[in-house]
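Trainee: I have a new structure open and I'd like to learn how to read it. Can we go through some features together?

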Amino acid sequence: MPTPSLAALPIRRLTLRDLTACADLSEDRGWPREEHKWGLLLSAGKGFGIDDPEGGLVAACVVTEYGAWQQPDLGAIGMVLVAGRHARQGVGRRMMRHVLSVMGTTPLTLHATPYGRPLYEELGFKVTGRAEMLMGRFTPGGPETSVATRAATAEDLPAILRLDEEVFGTDRTPLITRLPAFADQLRVAEENGRLIGYTAAWPNMDTHVVGPLIARDTETAKALIASLAVRTERPLRTDIDVRHEELLAWAKERGLASVAFNEVMTYGITDLPGDWTRRFAPLTVAAG
């Protein structure tokens, strides 16, 4: 039987049963397998994929919705991948058009690599920001901070959710409530018994990714990162909004090097909701 054309292959919803196929697709494109991250995204978000008749996936992507149930305020698109053997055949464009159709009038955001940016601009996405990926072994140093941090407890979760919604601009409960099981560390900063920031370190291949990182100010963000770093032997990786110049300079002074830049793009809105001054890094660029 002849192999069906790519345009005839249906797009279907992915589930956790597709975890290995998604990781295989990442590896096919030279990305890390990132099975731990794929598991979070497929459980907290909506995965879309095209099956390859010869096995595996032709393409995949994930949309993480935020806000009210079935009436999201925002959708974050991530992990847009097309198998190397099917690249440059319009598959990524078809997948993105499908997502735009499914999401309807819901505003969207994504972090674009230089390779993906032209497609997203063609589809109507606009650049509204930029994030710098840093990675390396953190070296403690500098003046001691007066910001108190500690390990988060179950009792902190309501306050974390309130702060997160205030800063991010919409409810992320389905994602944030998964952090205690997903992350190796979840820490909070507080002042006079009031939560002023929180962050997590979650395992991804041989690094610990710092994110989300939400903090009252730069000093609080520094204290939270430092508190994670002293409790891991792994290199750290994070994606910091480039407007936070002081935090970027401080992190580089302590051993984290610039790896790449991603453009923050939006569709249907001119800018992301919430308070960017307290939003330092995402949980993962794939989830906005």
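Trainee: What share of the contacts with a separation of 6 or more comes from residues 24 or more positions apart?

Mentor: Start by asking how far along the sequence two touching residues sit. In this predicted model, residues 24 or more positions apart account for 71% of the contacts in the protein chain with a separation of 6 or more.

Trainee: How many helices and strands does the protein chain have?

Mentor: Count the elements before looking at single residues. The protein chain has nine helices and 13 strands.

Trainee: And what radius of gyration does the protein chain have?

Mentor: Compare the value with what a globule of that length would give. For 288 residues a compact globule would come out near 19 Å, and the protein chain has 19 Å, so the two agree. Look at the spans as well: along its principal axes the C-alpha trace covers about 70 × 35 × 35 Å.

Trainee: What percentage of the residues is buried?

Mentor: Here you need a cut-off: buried means under 20% relative accessible area, and exposed means over 50%. Of the 288 residues in the protein chain, 52% count as buried. The accessible surface comes to about 13300 Å², and 51% of that belongs to carbon and sulfur atoms.

Trainee: How many positive and negative side chains are there?

Mentor: Count both sets, then ask where their centres lie. The protein chain carries 32 positive and 36 negative side chains, with the two centres 3 Å apart.

Trainee: Let's try one helix. Is helix 8 mostly covered or mostly uncovered?

Mentor: First, a general idea: an α-helix has 3.6 residues a turn, so residues three or four places apart point the same way. Now for the case here: helix 8 is mostly covered, with 10 of its 12 residues buried. The buried ones include K222, A223, L224 and I225, so don't expect only one face to be covered. For its length, helix 8 runs over residues 218-229 and reaches 16 Å from its first C-alpha to its last, close to the 16 Å expected at 1.5 Å a residue.

Trainee: How many residues of helix 2 are buried?

Mentor: Go through the helix residue by residue and tally. Helix 2 (residues 35-44) has seven of its 10 residues buried; among them are W38, G39, L40, L41 and L42.

Trainee: Which residues does S26 touch, leaving aside its neighbours within four places in sequence?

Mentor: Find its element, check its cover, then list its partners. S26 is in helix 1 (residues 19-28) and counts as buried, because its relative accessibility is 0%. Leaving aside neighbours within four places in sequence, S26 is in contact with W31, P32, R33, W38, M79 and L81. One of those partners, W38, is also among the buried residues of helix 2.

Trainee: Where does G49 lie?

Mentor: G49 is in strand 2 (residues 46-51), and G49 is buried at a relative accessible area of 0%. Apart from neighbours within four places in sequence, its contacts are P10, I11, R12, L14, A59, A60 and M95. For a sense of distance, the C-alpha atoms of G49 and V167 are separated by 32 Å, with their positions 118 residues apart along the chain.

Trainee: Is H86 buried or exposed?

Mentor: Don't guess from the element. H86 lies in the loop between strand 4 and helix 3 (91-103), yet H86 is buried, with a relative accessible area of 14%. Not counting residues up to four places away in sequence, H86 touches L6, D52, V58 and V91. The C-alpha atoms of H86 and G67 are 35 Å apart, while the two residues are 19 apart along the chain.

Trainee: What about backbone angles? Which phi does Q70 have?

Mentor: Look for the sign of phi in residues that are not glycine. Q70 has a positive phi of about 65°; Q70 sits in the loop between strand 3 (57-68) and strand 4 (71-82) and is exposed at 66% relative accessible area. M205 also has a positive phi, about 55°. M205 is in the loop between strand 9 (194-204) and strand 10, and counts as partly exposed at 48%.

Trainee: Where is the cis peptide bond?

Mentor: Check omega for each bond. The bond from G211 to P212 is cis, with omega near -5°, and P212 is found in strand 10 (residues 207-215).

Conventions
Residues are numbered from 1 along each chain as its sequence is written. This is a predicted model: local features need pLDDT of at least 70, side-chain atom pairs count only at pLDDT 80 or more; totals for chains, interfaces and linings use all residues. Side-chain values use heavy atoms; hydrogens and water are left out. Helices (H or I, at least four residues) and strands (E, at least two) are DSSP runs, numbered from the N terminus. The radius of gyration is taken over C-alpha atoms; the globule rule is 2.2 Å times the number of residues to the power 0.38. Buried means under 20% relative accessible area, exposed over 50%, partly exposed in between (1.4 Å probe, protein chains only). Contact means heavy atoms within 4.5 Å. Accessible areas come from the Shrake-Rupley method with a 1.4 Å probe; for residues, only the protein chains shown count as cover. Lys and Arg count as positive and Asp and Glu as negative; His and the chain ends are not counted. The place of a charge is taken as NZ of Lys, CZ of Arg, CG of Asp or CD of Glu. The expected span of a helix is 1.5 Å times one less than its number of residues.
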